[in-house]
Amino acid sequence: MATNESQFQLVTFHLGDELYGVNIMDVKEIVKIQPVRFIPNAPYYVEGIINLHGEIIPIIALHKRFNIKSVPKTEDDEIEGGFIILNIDNSKIGIIIDKVARVVSVKAEEVKDPPQMLSGIGTEYIEGVIREENGYLIMLNIRKVFNAKELQKIIDMQ
């Protein structure tokens, strides 16, 4: 677990049946689902781009990146789903989420190292795991989800 702070906040969201979180300091905003424009020759996990407040934002499908099966969506899920716009190294990238959950405060000592393999996601993407009442919260290290070359290619789409 790489954080030095004793307490921090995570924006939590659902992908498939699992609960994930990203550090709130990496989150620019959360927006509703909107049409995504396809980009030819983009990596398989890039859904396309959106125009948000005059900025072109690449949209990433973490389902594809992590090989997670999408669960069938109800009408409520469509309302609760959306994009989390992340600020990674001064570049904005959107990730598609099934459902936004809430913002939670976490103490550093609550974060445990991830097991070797968790729900099909390689541990290199996982900062840690936090025990919750009804299961686990998987804390993503969003900077490790993409290697430097992939991140540059995504940023160049903007």
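K64 is partly exposed, with a relative accessible area of 41%; residues are called buried under 20%, exposed over 50%, and partly exposed in between, judged with a 1.4 Å probe and protein chains only. The structure is a predicted model, in which local features need pLDDT of at least 70 and side-chain atom pairs count only at pLDDT 80 or more, while totals for chains, interfaces and linings use all residues. Residues are numbered from 1 along each chain as its sequence is written, and side-chain values rest on heavy atoms, with hydrogens and water left out.

K64 makes a good starting point, as its side chain meets that of E47 in a salt bridge (2.6 Å, N to O). The term salt bridge is used here for a side-chain nitrogen of Lys or Arg within 4 Å of a carboxyl oxygen of Asp or Glu. Because E47 lies in strand 4 (residues 46-52) and K64 in helix 1 (residues 62-66), the pair ties together parts that are 17 residues apart in sequence. Helices (H or I, at least four residues) and strands (E, at least two) are DSSP runs, numbered from the N terminus. Like its partner, E47 is partly exposed, at a relative accessible area of 28%. In general, side chains of opposite charge can pair when their charged atoms come close.

Stepping back, the protein chain holds three helices and 13 strands. Of its 158 residues, 47% are buried. The accessible surface of the chain comes to about 9000 Å², and carbon and sulfur atoms account for 48% of that surface; the areas come from the Shrake-Rupley method with a 1.4 Å probe, and for residues only the protein chains shown count as cover. Contacts (heavy atoms within 4.5 Å) can also be sorted by how far apart the residues stand in sequence. Among contacts between residues at least 6 apart, 58% join residues at least 24 apart.

Strand 4, the home of E47, belongs to an open sheet of five strands with the order 3-6-7-5-4 and mixed pairing. Strand 3 and strand 4 stand at the edges with a single partner strand each, so one side of each is left without a neighbour in the sheet. On average, neighbouring strands of this sheet are turned by 30° against each other, direction ignored; the axes are lines fitted to C-alpha atoms, for helices over the stretch in contact, and angles run from 0 to 180 degrees between N-to-C directions. Two strands count as paired if DSSP finds at least two bridges between them. Strand 4 and strand 5 run antiparallel and are joined by six bridges. One example can be looked up in the structure: I49 has P58, in strand 5, as its bridge partner.

Two loop residues have a notable backbone angle. Most residues other than glycine have a negative phi. H53, in the loop between strand 4 and strand 5, instead has a positive phi near 55°. H53 is exposed, at 64% relative accessibility. N90, found in the loop between strand 6 (82-88) and strand 7, is not a glycine either, and its phi is positive at about 65°. N90 is likewise exposed, with a relative accessible area of 75%.

The remaining results return to charged side chains. A search of the whole structure finds five salt bridges, and the pair of E47 and K64 is one of them. Another joins the side chains of K92 and E55 (3.3 Å, N to O). This pair links distant parts of the chain, with K92 in strand 7 (residues 91-97) and E55 in strand 5 (residues 55-60), 37 residues apart. K92 is buried, at 17% relative accessible area, whereas E55 is partly exposed at 35%. Elsewhere, D26, D89 and R143 are joined into one network by salt bridges that share partners.

Within that network, the side chains of D26 and R143 meet at 3.0 Å, N to O. The two residues are 117 residues apart: D26 sits in the loop between strand 2 (18-23) and strand 3 (27-31), and R143 in the loop between strand 13 (135-140) and helix 3 (148-155). D26 is buried, with a relative accessible area of 13%, while R143 is partly exposed at 37%. What is D26 in contact with, leaving aside its neighbours within four places in sequence? The residues in contact with D26 are I85, L86, N87, I142 and R143.
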